Amino acid sequence: MLLENKTAVVYGGGGAIGGAAARAFAREGAQVHLAGRTPDKLEAVAQEIQADGGAAEVALLDALDEGAVREHADAVAARAGGIDVALNAVGIPHVQGIPFAELSLDDYLHPITAYCRTNFVTAQAVARHMVAQASGVILTISTSGSRLAVPGTINYSTTCAAIEATTRLLAAELGPCGVRVVCLQPDVIPEAGKMGSHTRGNFQPWAERLGVTIDEFLAAPPDRTLLKRWPTLADVAEAAAFIASDRAAATTGTVINLTAGSVVN
Ligand SMILES: NC(=O)c1ccc[n+]([C@@H]2O[C@H](COP(=O)([O-])OP(=O)(O)OC[C@H]3O[C@@H](n4cnc5c(N)ncnc54)[C@H](OP(=O)(O)O)[C@@H]3O)[C@@H](O)[C@H]2O)c1
């Protein structure tokens, strides 16, 4: 198993990507700590993991709250003897599809500040423990928006570029201490939207402007991916488990392209 005896914290662990990654981590032997704000969503993932024989614990916390995140990380590390893997899969609702001339400054800044805040707060809380044990892996999530120039996405695409830059800079800060930092970069995952991901709401203005329902929007075949399909939750979860494992021991400061080919490097 890839993550035997590892302790993993998944922020946003009740979400579509967080839940899928947590199930993959647990299947690979990790003890998983799911953190988020809604008990039902977290419990549902924990129960699936436990039903499959895995180990999962749930904690209610706001991943934007520095003190709460630090207290939780300290408690997990104290109980488990450290933290080996942390994934920030938090989703911040925001608007997309609004032309620049109509976009408010608040709608522009909201995802940038919230995503930068949660990634800073969670990375710092776990890094303190990883540095002390001289090992660990921090995973962030962006999208193809960091590289594509799609009108109507200036707020979230700028966010994704910031998350990827933060990933590289954290890798530089923490690499000498044995800690790896890697960003996962999927394109749109329609499966997540169908499961109730906050991205459904983000994409709503796109659908309205195109004159289709959100389900029709999510069902539309991709014209921009080389593989002529969108990435799946399994694609992201399996990559996350591999990158978190010692099999990817030389991988840090980089972005894992999970776009199905909408971005080429
Ligand atoms: N879905 C896609 O198509 C897609 C594609 C590429 C990248 N991504 C990115 O991947 C990440 C996860 O997306 P997703 O589709 O898995 O979203 P999701 O299903 O909506 O899950 C996001 C999770 O974050 C939690 N959350 C939100 N605010 C929080 C806070 N302040 N503190 C703690 N937890 C919080 C939510 O639970 P609570 O509200 O209960 O706390 C939810 O479980 C996002 O950054 C998204 O932009 C998604």
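This is a short conversation about a predicted model of a protein chain with its ligand.

Visitor: What makes the chain as compact as a globular protein of its length?

Guide: Let me start with its make-up: the chain has 9 helices and 7 strands. Its radius of gyration is 18 Å, close to the 18 Å that the globule rule gives for 265 residues, so the chain is as compact as a globular protein of that length. Along the principal axes, the C-alpha trace spans about 55 × 40 × 35 Å.

Visitor: How much of the chain is buried?

Guide: Buried means under 20% relative accessible area, and 51% of the 265 residues in the chain are buried.

Visitor: Let us turn to the ligand. Which residues come nearest to the ligand?

Guide: Thr38, Ala63, Tyr156, Ile189 and Ser197 come nearest, out of the 29 residues around the ligand. That shell divides into 14 nonpolar, 11 polar and 4 charged residues.

Visitor: Why does the pair between Tyr156 and the ligand count as a polar contact?

Guide: A polar contact is a pair of N or O atoms within 3.5 Å. A polar side-chain atom of Tyr156 lies 2.5 Å from an oxygen atom of the ligand, so the pair qualifies. Lys41 also has a polar side-chain atom 3.4 Å from a ligand oxygen atom, so that pair passes too. With Ile189 it is a backbone N or O atom that lies 2.8 Å from an oxygen atom of the ligand.

Visitor: How much of the ligand does the protein cover?

Guide: On its own the ligand has 880 Å² of accessible area, and the protein covers 94% of that.

How values were computed. Residues numbered from 1 in each chain as written. Predicted model: local features only at pLDDT ≥ 70, side-chain atom pairs only at ≥ 80, totals over all residues. Heavy atoms only, no water. Near = heavy atom within 4 Å. Polar contact = N/O pair within 3.5 Å; in protein donor to acceptor, adjacent residues only side chain to side chain. Areas by Shrake-Rupley, 256 points an atom, 1.4 Å probe, with all protein chains shown as cover. Nonpolar A, V, L, I, M, F, W, Y, C, P; charged D, E, K, R; others polar. Helix = DSSP H or I, 4+ residues; strand = E, 2+ residues; numbered from the N terminus. Rg over C-alpha atoms; globule rule 2.2 N^0.38 Å. Buried < 20%, exposed > 50% of the residue type's maximum accessible area, 1.4 Å probe, protein only.
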